[in-house]
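Open the model in your viewer and keep the selection panel at hand. The stops below say what to select and what is found there.

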Protein chains: 4
Amino acid sequence: MLFHIDTHSSSPIYEQITSQVKEMCYTGLLRPGEQLPSIRELSSQMVVNPNTVSRAYAELERSGLIVTIRGRGTFVAEVLPERSTPRERARLERMLRRQIIDSYYGGLTREQIRDVTEHCLNELEAPHDGN
Amino acid sequence: MLFHIDTHSSSPIYEQITSQVKEMCYTGLLRPGEQLPSIRELSSQMVVNPNTVSRAYAELERSGLIVTIRGRGTFVAEVLPERSTPRERARLERMLRRQIIDSYYGGLTREQIRDVTEHCLNELEAPHDGN
Amino acid sequence: MLFHIDTHSSSPIYEQITSQVKEMCYTGLLRPGEQLPSIRELSSQMVVNPNTVSRAYAELERSGLIVTIRGRGTFVAEVLPERSTPRERARLERMLRRQIIDSYYGGLTREQIRDVTEHCLNELEAPHDGN
Amino acid sequence: MLFHIDTHSSSPIYEQITSQVKEMCYTGLLRPGEQLPSIRELSSQMVVNPNTVSRAYAELERSGLIVTIRGRGTFVAEVLPERSTPRERARLERMLRRQIIDSYYGGLTREQIRDVTEHCLNELEAPHDGN
DNA sequence: GTGGTCTAGACCACT
DNA sequence: GTGGTCTAGACCACC
């Protein structure tokens, strides 16, 4: 299990972790019931504060993606929760739109934006496209 | 000129303002040389603090999209800012990439992402594709 | 008499005027007793607000470089005042120093800075180097 | 680390701070990776408002000289910012030129101006002359 | 502990 | 009237 953390990114570290775990779950890289590394293990591997990993796990548990069993460890949930509500998807569309405008304004051409989009979509695993 | 701010959004108000001004400039809603609402005017219309609008305008000026003239007001720049540096463009590509991944794993389908992208690009006026 | 005004400059317009009048006086382009253009004349020629020219003239008069005779007009003083006190010169050195550091940091090489300096000094007329 | 601010100066406090930090970086007083005083620390030491220091740090970060890491602090960048754009360099040359002219007509001799320039350039460490 | 954002309100410089 | 700077103090997110 490989994580990639950028301490200089504008998005918080705990979010980088949750986002990557989420991605691994939905692409099947992490299977239901599989055990996640412990907080201490992961934090030392990533060279981040254990509190930060702890917070990431807490958020993931709250969203139902993982479950913690006291004294045993942390595991991927047997049934994955719904990915999002229509409202959240509308929000994502707005954010994507804003990001594209910013990119365009910032100096990327239409072609570059299309290339990034296509390249990026092609790289993604194909999980539950429909839900 | 209508602005819409969402006080519950996670992105700061000044960024919502800059984004909307950028958009207006590139969709042609704001024309080169046109005067923007004064800080006090906009701040009272939006019910936010003048400092917040001031910060948004300052960032827009720094990026070269608008020009302020001492004691007279704020205007859309006559010439669009020059092409950004490779480093900045790389940063924008990374951010766009991240946004697409988040959208996908947040529940948007490939088709929805392509649609938003195309729709958005089509709306934009042709500004600096060639410079 | 030709003035050059940049409304986008960071230094105020009235200061651009006073600085240029001062320069003309000390280089001999404007001779003692010579009449300056009227405020209305100058303001319409420069396309700036008459109040701005008025303020510039007021400052010049306060520093003793020009004199206004009611109903007759504005004239260069017969005897030019001392150019500066040691304290002011120390201040100028500090500002120059700061500007050089900013230039260097901002991307100019040592050679470019030396070139600008030499080129600039060579262009200047040679008035009262000693005072 | 000693800062000196002049509340009577015409240049804003936040600019006095950025200038001094720049200078410390380029004279080697501040080394890459080194931590800067925290905003609250510096603001109380200087007896200015934390917002003012915050603004100075923000500008320095924007120019790439320093890096702030969420919740940890502010550090001198490991790699110096890349070469600025031609437009920015032209702007710097104009400002330098103006400062030299003002210095000259403000009472400094050619020799004094050359001395300040050379002395100042010699103090600076060799940073990005080659990039 | 760190920095980031926002408000409220003051004062100043410029046109 | 315009924008720019600064203060005082609040609240939040992150580590």
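Select chain A and chain B together: seven salt bridges are counted between these two chains. The model is a predicted one, and every stop on this tour should be read with that in mind. To see one of the bridges, pick Glu123(A) and Arg97(B) and show their side chains. They meet in a salt bridge, with a nitrogen-to-oxygen distance of 2.2 Å.

Now widen the selection to everything that touches across this pair. On the chain A side there are 43 residues in contact, and on the chain B side 44. A surface display helps with the next value. About 4,700 Å² is buried between chain A and chain B, and carbon and sulfur atoms give 58% of that area. The size of an interface is often given in this way, as the accessible area lost when the parts come together.

How is chain A superposed on chain B? A rotation of 175 degrees with a shift of 0.4 Å along its axis does it, leaving an RMSD of 1.7 Å. That is the relation of a two-fold axis. To find the axis in the viewer, select Leu96(A), whose C-alpha is the nearest to the axis in chain A, at 3.8 Å. The same surface serves both copies, since 91% of the contact residues of chain A recur in chain B.

Hide chain B and stay with chain A alone. Colour by secondary structure, and five helices and three strands appear. Followed from the N terminus, the elements come in the order α-β-α-α-β-β-α-α. Along its principal axes, the C-alpha atoms of the chain fill a box of roughly 55 × 35 × 25 Å. Chain A has 131 residues, and 42% of them are buried. If you draw contacts within chain A between residues at least 6 apart in sequence, 52% of those contacts join residues at least 24 apart.

Next, select residues 11-79 of chain A. An unreviewed UniProt entry places the feature "domain: HTH gntR-type" on this stretch. Over these residues the chain is 52% helix and 14% strand. The C-alpha atoms at the two ends of the stretch lie 28 Å apart.

Move on to chain C and chain D. A turn of 174 degrees, with a shift of 0.5 Å along the axis, lays chain C on chain D with an RMSD of 1.8 Å. Leu96(C) is the residue of chain C that comes closest to the rotation axis, its C-alpha being 3.8 Å away. Here too the same surface serves both copies, and 91% of the contact residues of chain C recur in chain D.

Select the contact residues of this pair: 43 belong to chain C and 44 to chain D. The two chains bury about 4,700 Å² between them, with 58% of it on carbon and sulfur atoms. Seven salt bridges are counted between chain C and chain D. One to display joins the side chains of Arg114(C) and Glu118(D), at 2.6 Å from N to O.

Now colour the cysteines. How many disulfides does a search of the whole structure find? The search finds zero over all chains. Start with Cys120(C): the closest cysteine sulfur to its own is in Cys120(D), 16 Å away, which is too far for a bond. For Cys120(D), the closest cysteine sulfur is in Cys25(D), at 15 Å, again too far for a bond. Cys120(C) is buried, with a relative accessible area of 1%. Cys120(D) is also buried, at 1% relative accessibility.

Two residues of chain D make the last stops. Select Gln16(D), which lies in helix α1, residues 13-27. Is Gln16(D) buried or exposed? At 10% relative accessibility it counts as buried, because the cut-off for buried is under 20%. Leaving aside residues up to four places away in sequence, Gln16(D) touches His4(D), Ile5(D), Asp6(D), Ser9(D) and Ser11(D).

Finish at Leu36(D), in the loop between α1 and α2. Leu36(D) counts as buried, at 3% relative accessibility. With residues up to four places away in sequence not counted, its contacts are Leu30(D), Tyr57(D), Ile66(D), Thr74(D) and Phe75(D). Draw a line from Leu36(D) to Ile66(D): the two are 30 residues apart in sequence, and their C-alpha atoms are 8.9 Å apart in space.

Technical notes: Residues are numbered from 1 along each chain as its sequence is written. Chains are lettered from A and ligands numbered from 1 in the order in which they are written. This is a predicted model: local features need pLDDT of at least 70, side-chain atom pairs count only at pLDDT 80 or more; totals for chains, interfaces and linings use all residues. Side-chain values use heavy atoms; hydrogens and water are left out. A disulfide is a pair of cysteine sulfur atoms within 2.5 Å. Buried means under 20% relative accessible area, exposed over 50%, partly exposed in between (1.4 Å probe, protein chains only). UniProt positions are given in the numbering used here, feature names are shortened, and annotations may be inferred rather than shown by experiment. Helices (H or I, at least four residues) and strands (E, at least two) are DSSP runs, numbered from the N terminus. Copies are superposed by least squares on the C-alpha atoms of residues with pLDDT of at least 70 in both. Contact means heavy atoms within 4.5 Å. Buried area is the accessible area (1.4 Å probe) that two parts lose on being put together, summed over both. A salt bridge is a side-chain nitrogen of Lys or Arg within 4 Å of a carboxyl oxygen of Asp or Glu.
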